[in-house]
Amino acid sequence: MAENPNSRPIITTESSPYLECGNSSTGTPWYDKESVLNLSKYLIFVEVILGLMVWALIASTEYFRFSPFGWVMFVTVFYWLLTLFLLIIKLARGQVRHIPWTTVVLIFNCTAALLYTSAAVVEATLVNQGVKGHHDFNCWAASTFFAFLVSLSYAGSAFFSYKSWHRGDE
């Protein structure tokens, strides 16, 4: 507070740009658009790390006794390898010019989200085949949790890929 010669206090206020929520009359969003777009770049790292955890947890068990785990292992390893390959291409900036990358990545992320979700649901139904407290049960339960997280990550990537495709970014 500053003192006024009229002996009344003057209160000054300042607004922090971090606390502003946006202005609906001007259409200013309450979030930083660039930060949200940068999030999409990091989702591929989340997909690689969590995807590795999903199939490694399953592979450490006797999953081969239940045939539906074959589908789960196929989806998780297949998309983990493709995502790793896509990450290497992105990091090496080796994108071939005549390939419509936004369309390819959009299709990849949409199919990954759908198939990973189906694999996570199949795995969730199989968790009860294990004995609670046993190594297989614990690994399958953890793997199911991570499979749903990877599914959400691929869905988020699909959303951002759609936004990029819709804008016409190539």
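This is a short walk through one protein model, from its overall layout down to single residues.

Start with the basics. The model is predicted. The protein has 4 helices and 2 strands. Read from the N terminus, the order is β-β-α-α-α-α. So much for the outline.

How confident is the predictor? The average pLDDT of the protein is 81. A score of at least 70 is reached by 74% of the residues. Confidence is lowest in strand S1, residues 2-3, with a mean of 56. Confidence is highest in helix H3, residues 101-126, at 93. Take care with residues 18-24. There pLDDT stays under 50. For that stretch, the model has 7 contacts beyond four places in sequence.

Now the whole protein. Of its 170 residues, 31% count as buried. About 11,400 Å² is exposed, and carbon and sulfur atoms supply 65% of that area. What about contacts with a separation of 6 or more? Residues 24 or more positions apart account for 75% of them.

Next, helix H2. This helix covers residues 68-92, which is 25 residues. From first C-alpha to last, H2 reaches 36 Å, close to the 36 Å expected at 1.5 Å a residue. Which residues of H2 are buried? Here is the full set: Phe69, Val72, Met73, Val75, Thr76, Tyr79, Trp80, Thr83, Leu86, Leu87 and Ile89. Look at the numbering as you hear that list. An α-helix has 3.6 residues a turn, so residues three or four places apart point the same way. Keep that in mind when you turn the helix on screen. Just after H2 comes Arg93, with a positive phi of about 55°.

On to helix H4. It runs over residues 135-167. H4 has 33 residues and reaches 48 Å from its first C-alpha to its last. That is close to the 48 Å expected at 1.5 Å a residue. Just after H4, Gly168 also has a positive phi, of about 90°.

Two residues of H4 deserve a stop. Take Ala147, which lies in H4. Is Ala147 buried or exposed? Its relative accessible area is 1%, so Ala147 is buried, the cut-off being under 20%. Leaving aside neighbours within four places in sequence, Ala147 is in contact with Val54, Tyr116, Ala120 and Glu123. The C-alpha atoms of Ala147 and Met53 are 8.7 Å apart, although the two residues are 94 residues apart along the chain.

Then Ala155, also in H4. At 37% relative accessibility, Ala155 is partly exposed. Its C-alpha is separated from that of Cys110 by 6.8 Å, with their positions 45 residues apart along the chain.

Now step across to helix H3. Asn109 sits there. Asn109 is buried, with a relative accessible area of 4%. Which residues does Asn109 contact, leaving aside its neighbours within four places in sequence? They are Tyr154, Ser157, Ala158 and Ser161.

After H3 there is a loop leading to H4, and Gln129 is in it. Gln129 is partly exposed, at 46% relative accessible area. Beyond four places in sequence, Gln129 is in contact with Phe66 and Trp140. The C-alpha atoms of Gln129 and Phe66 are separated by 8.7 Å, and the two are 63 residues apart along the chain.

Let us move to the surface. Tyr42, Phe45, Ile49, Met53 and Leu91 make a nonpolar surface patch of about 520 Å². Which helix gives the most to the nonpolar patch? That is helix H1, residues 33-59, with 4 residues. Tyr42 is found in H1. Tyr42 is exposed, with a relative accessible area of 54%.

Last stop: charge. Side chains of opposite charge can pair when their charged atoms come close. How many salt bridges does a search of the whole structure find? The answer is 1. Glu62 forms a salt bridge with Arg65, and the closest N and O atoms are 3.1 Å apart. Glu62 is partly exposed, at 38% relative accessible area. Arg65 is exposed, at 55%.

To recap, hold on to three items. First, the order of elements, β-β-α-α-α-α. Second, the nonpolar patch with 4 residues from H1. Third, the salt bridge of Glu62 with Arg65. Thanks for listening.

How values were computed: Residues numbered from 1 in each chain as written. Predicted model: local features only at pLDDT ≥ 70, side-chain atom pairs only at ≥ 80, totals over all residues. Heavy atoms only, no water. Expected span 1.5 Å × (residues − 1). Buried < 20%, exposed > 50% of the residue type's maximum accessible area, 1.4 Å probe, protein only. Salt bridge = Lys/Arg side-chain N within 4 Å of Asp/Glu carboxyl O. pLDDT = per-residue confidence, 0-100. Contact = heavy atoms within 4.5 Å. Patch = residues over 30% accessible without salt bridge, like charges linked within 9 Å, V, L, I, M, F, W, Y side chains within 5 Å. Areas by Shrake-Rupley, 256 points an atom, 1.4 Å probe, with all protein chains shown as cover.
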